[in-house]
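Work through the exercises below with the structure open. Try each task before reading its solution.

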Amino acid sequence: MHLDFELKDNTLIVRLSGDMDLGKADYLRNSLEAVLDQQQVNNLIFNLAQVTFLDSSILGVLLGRYKRISKKGGKVCIVEPQPQVRRILEMSGLFQVMEEFPGEDIALKNIG
Amino acid sequence: MQFINQMKLKFLSIPANVAFARVTVAAFASQLDYTLSDLEEIKVAVSEAVGNSIVHGYDQAPDYYIEIFATLTADTLEIRIKDDGKGIENVEKALQPAFSTDAERLGLGFVFMHSFMDSLKVESQPGNGTLVIMSKRVGASIAQISTEQ
Ligand SMILES: Nc1ncnc2c1ncn2[C@@H]1O[C@H](COP(=O)(O)OP(=O)(O)OP(=O)(O)O)[C@@H](O)[C@H]1O
Ligand SMILES: [Mg+2]
């Protein structure tokens with residue numbers, strides 16, 4: 001798994017890639033928490049364009065970060081999930097709290 | 001039903017083996033004529049069951065074993081995923097959507113197994129491990145063409 005962070009105007013863009021499952025959940029959670037502890041992050045964008053597989057343990061990590069960000073009034077959104085990943089997100093109900101956008105730029109515009 | 005192939009896997013209860021298990025079962029299943037989308041669904045179901053054995057059954061202890069038995073008949077894959085972990089107090093409750101004994105989790109594992117496979121059966125008793133039996137037919141999602149006249 002490759003994890004990439006970019007902070008733009010207090011919005012943290014998180015780019016994930018590869019197969020995301022229980023084997024990556026702790027690493028993802030710890031990495032995200034470390035960045036959220038160290039930086040002033042208001043909003044979160046999860047770019048899932050390169051994610052080929054996603055299971056429920058990752059959904060738990062995403063929702064956990066949503067809870068942290070939304071507590072302070074911030075937004076979390078999802079960018080470009082592939083169809084099989086999108087289906088999982090849809091079934092989970094996560095789209096009810098995290099808006100989906102077709103690109104990082106559009107997501108940034110809507111969040112700001 | 002006559003089987004055409006069988007396999008048995010046994011591996012340690014470590015998170016890295018979730019990927020190993022799903023890829024192996026999907027490769028085995030691809031001996032039948034599943035669509036790519038079917039194989040994706042099988043992968044999710046296997047990941048969820050194996051993940052549950054690791055996280056809940058063995059409470060993340062890495063030195064226990066999980067076993068998978070898979071059988072192919074002409075048109076069906078049956079998967080049995082078994083752990084010797086702590087078992088489930090109330091299976092009926094555990095199967096309900098959004099039920100989880102862990103606050104960080106969504107309680108969707110069984111929902112995905114149920115949605116993506118044609119059958120799901122869970123046998124478990126506290127202290128006696130858990131056995132998840134799932135099956136999926138080939139072409140189950142394709143409507144049967146009626147030839148009645
Ligand atoms: N192999 C198992 N051994 C012991 N308990 C289990 C096992 N599998 C499931 N359970 C119990 O059933 C509950 C529901 O499982 P399910 O996979 O649906 O949700 P979850 O694992 O809690 O959350 P998620 O799958 O969304 O991460 C679990 O919270 C757990 O209490
Ligand atoms: Mg689960």
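**Exercise 1. A salt bridge in a helix**

Is A:Asp26 buried, partly exposed or exposed? Then find its salt-bridge partner and place the pair in the fold.

*Solution.* Keep in mind that this is a predicted model.

Step 1. The relative accessible area of A:Asp26 is 43%. Buried means under 20% and exposed means over 50%. A:Asp26 is therefore partly exposed.

Step 2. The partner is A:Arg29. The closest N and O atoms of the two side chains are 2.8 Å apart. A salt bridge needs such a pair within 4 Å.

Step 3. Both residues belong to helix H1 of chain A, residues 22–38. They are separated by about one helical turn, because they sit three residues apart in that helix.

Step 4. Now widen the view. A:Asp26 and A:Arg29 are part of a network of salt bridges. A:Glu33, A:Asp37, A:Arg65, A:Arg68 and B:Glu104 are linked in that network too. Over all chains, the whole structure has 23 salt bridges.

**Exercise 2. Two further pairs**

Which residue of chain A meets A:Glu90 in a salt bridge, and how many residues apart are they? Then describe the pair formed by B:Lys82.

*Solution.*

Step 1. A:Glu90 meets A:Arg86, with an N to O distance of 3.1 Å.

Step 2. Both lie in helix H3 of chain A, residues 83–92. They are four residues apart, about one turn of the helix.

Step 3. Check the exposure. A:Glu90 has a relative accessible area of 47% and is partly exposed. A:Arg86, at 26%, is partly exposed as well.

Step 4. Turn to chain B. B:Lys82 forms a salt bridge with B:Asp84, the closest N and O atoms being 3.0 Å apart. B:Lys82 is partly exposed, with a relative accessible area of 26%.

**Exercise 3. The two sides of a helix**

Which residues of helix H4 of chain A are buried? Establish how they are arranged around the axis and what they pack against.

*Solution.*

Step 1. Helix H4 of chain A covers residues 104–111. Its buried residues are A:Glu104, A:Ala107, A:Leu108 and A:Ile111.

Step 2. These residues cover an arc of only 100° around the axis, so they are on the same side of H4(A).

Step 3. Look at the other side. There A:Asp105 and A:Lys109 are exposed.

Step 4. Follow the buried side inward to its contacts. The buried residues of H4(A) pack against five strands of chain A: S1 (3–8), S2 (11–20), S3 (43–54), S4 (76–79) and S5 (99–101).

**Exercise 4. A cysteine in a strand**

Where does A:Cys77 lie, and is it buried or exposed? List its contacts beyond its sequence neighbours.

*Solution.*

Step 1. A:Cys77 is in strand S4 of chain A.

Step 2. Its relative accessibility is 1%, so A:Cys77 counts as buried.

Step 3. Set aside neighbours within four places in sequence. A:Cys77 is then in contact with A:Leu44, A:Ile45, A:Phe46, A:Met98, A:Glu99, A:Phe101, A:Ala107 and A:Ile111. Among these, A:Ala107 and A:Ile111 are buried residues of helix H4.

Step 4. Compare sequence and space for A:Cys77 and A:Leu59. They are 18 residues apart in sequence and 13 Å apart in space, C-alpha to C-alpha.

**Exercise 5. Chain A as a whole**

What radius of gyration does chain A have, and what would a compact globule have? Add the secondary structure and the burial.

*Solution.*

Step 1. For 112 residues, a compact globule would have a radius of gyration near 13 Å. Chain A has 13 Å, which agrees.

Step 2. The C-alpha trace spans about 30 × 25 × 25 Å along its principal axes.

Step 3. Chain A has four helices and five strands. Their pattern along the sequence is β-β-α-β-α-β-α-β-α.

Step 4. Buried residues make up 52% of the chain. Of the contacts with a separation of 6 or more, 72% join residues 24 or more positions apart.

**Exercise 6. Chain B, outside and inside**

Which residues make a nonpolar surface patch of about 230 Å²? Contrast B:Tyr65 with B:Ser53.

*Solution.*

Step 1. The patch is made by B:Leu12, B:Ile14 and B:Tyr65.

Step 2. B:Tyr65 lies in strand S2 of chain B, residues 65–73. It is partly exposed, at 41%.

Step 3. B:Ser53 is in helix H2 of chain B, residues 36–57. At 4% relative accessibility, B:Ser53 counts as buried.

Step 4. Beyond four places in sequence, B:Ser53 is in contact with B:Tyr58, B:Ile66, B:Ile81 and B:Asp83.

Definitions and conventions: Residues are numbered from 1 along each chain as its sequence is written. Chains are lettered from A and ligands numbered from 1 in the order in which they are written. This is a predicted model: local features need pLDDT of at least 70, side-chain atom pairs count only at pLDDT 80 or more; totals for chains, interfaces and linings use all residues. Side-chain values use heavy atoms; hydrogens and water are left out. Helices (H or I, at least four residues) and strands (E, at least two) are DSSP runs, numbered from the N terminus. Buried means under 20% relative accessible area, exposed over 50%, partly exposed in between (1.4 Å probe, protein chains only). The arc is that of the directions from the helix axis to the C-beta atoms. Contact means heavy atoms within 4.5 Å. The radius of gyration is taken over C-alpha atoms; the globule rule is 2.2 Å times the number of residues to the power 0.38. Patches are made of residues with over 30% relative accessible area and no salt bridge: like charges are joined within 9 Å, nonpolar side chains (Val, Leu, Ile, Met, Phe, Trp, Tyr) within 5 Å. Accessible areas come from the Shrake-Rupley method with a 1.4 Å probe; for residues, only the protein chains shown count as cover.
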